[in-house]
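Here is a small set of exercises to work through with the model open beside you. Try each task before you read its solution.

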Amino acid sequence: MKWLLILSIIINFSFSKELEIKINDFLIDWDNAHNNKSITLFDKLYSDNINYYNGRNFSKMKVLEDKIKILNKYTDFKQISKFV
């Protein structure tokens with residue numbers, strides 16, 4: 001029983017570490033998409049339908065158009081995200 005508990009803790013730790021890495025990688029891509037105004041990267045990050053600023057079922061194309069518009073308006077926009 002003791003070994004089962006130890007094995008369970010080790011497995012849970014490895015899964016949580018993988019999840020942490022995936023979240024951190026996403027945040028890096030998210031920041032890069034904004035800071036480099038990369039519509040290609042936004043296209044990779046967004047799903048086909050998006051709940052966007054309290055709206056429902058916006059298409060990816062509509063959201064990408066909005067991102068282009070807002071990032072062109074605020075040319076000096078920069079962001080940094082941290083996984084805490």
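The exercises below go from the overall fold to individual side chains.

This is a predicted model, where local features need pLDDT of at least 70, side-chain atom pairs count only at pLDDT 80 or more, and totals for chains, interfaces and linings use all residues. Residues are numbered from 1 along each chain as its sequence is written, and side-chain values use heavy atoms, with hydrogens and water left out.

**Exercise 1. Find where confidence is lowest and where it is highest in the protein chain.**

Step 1: Recall that pLDDT is the predictor's confidence in each residue, from 0 to 100. The protein chain averages 85, and 83% of its residues score at least 70.

Step 2: List the elements, taking helices (H or I, at least four residues) and strands (E, at least two) as DSSP runs numbered from the N terminus. There are three helices and two strands, in the order α-α-β-β-α.

Step 3: Compare them. Confidence is lowest in α1, with a mean of 79, and highest in helix α2 (residues 39-45), with 94.

**Exercise 2. Work out which parts the salt bridge between Asp29 and Lys44 ties together.**

Step 1: Apply the criterion, a side-chain nitrogen of Lys or Arg within 4 Å of a carboxyl oxygen of Asp or Glu. Asp29 and Lys44 meet it at 3.4 Å, N to O.

Step 2: Place the partners. Asp29 lies in helix α1 and Lys44 in helix α2, so the bridge joins parts that are 15 residues apart in sequence.

Step 3: Check exposure (buried is under 20% relative accessible area, exposed over 50%, partly exposed in between; 1.4 Å probe, protein chains only). Asp29 is partly exposed at 21%, while Lys44 is exposed at 58%.

**Exercise 3. Which residues are linked with Lys60 in a network of salt bridges?**

Step 1: Start with Asp43, whose closest approach to Lys60 is 3.2 Å between N and O atoms. Lys60 is in helix α3 (residues 60-73) and Asp43 in helix α2, so this pair connects parts 17 residues apart in sequence.

Step 2: Turn to Asp48, which forms a salt bridge with Lys60 at 3.8 Å, N to O. Asp48 sits in the loop between α2 and β1 (49-50), so here the parts tied together are twelve residues apart in sequence.

Step 3: Look at accessibility. Lys60 counts as buried at 14%, Asp43 is partly exposed at 36%, and Asp48 is exposed at 58%.

Step 4: Put the pieces together: Asp43, Asp48 and Lys60 form the network.
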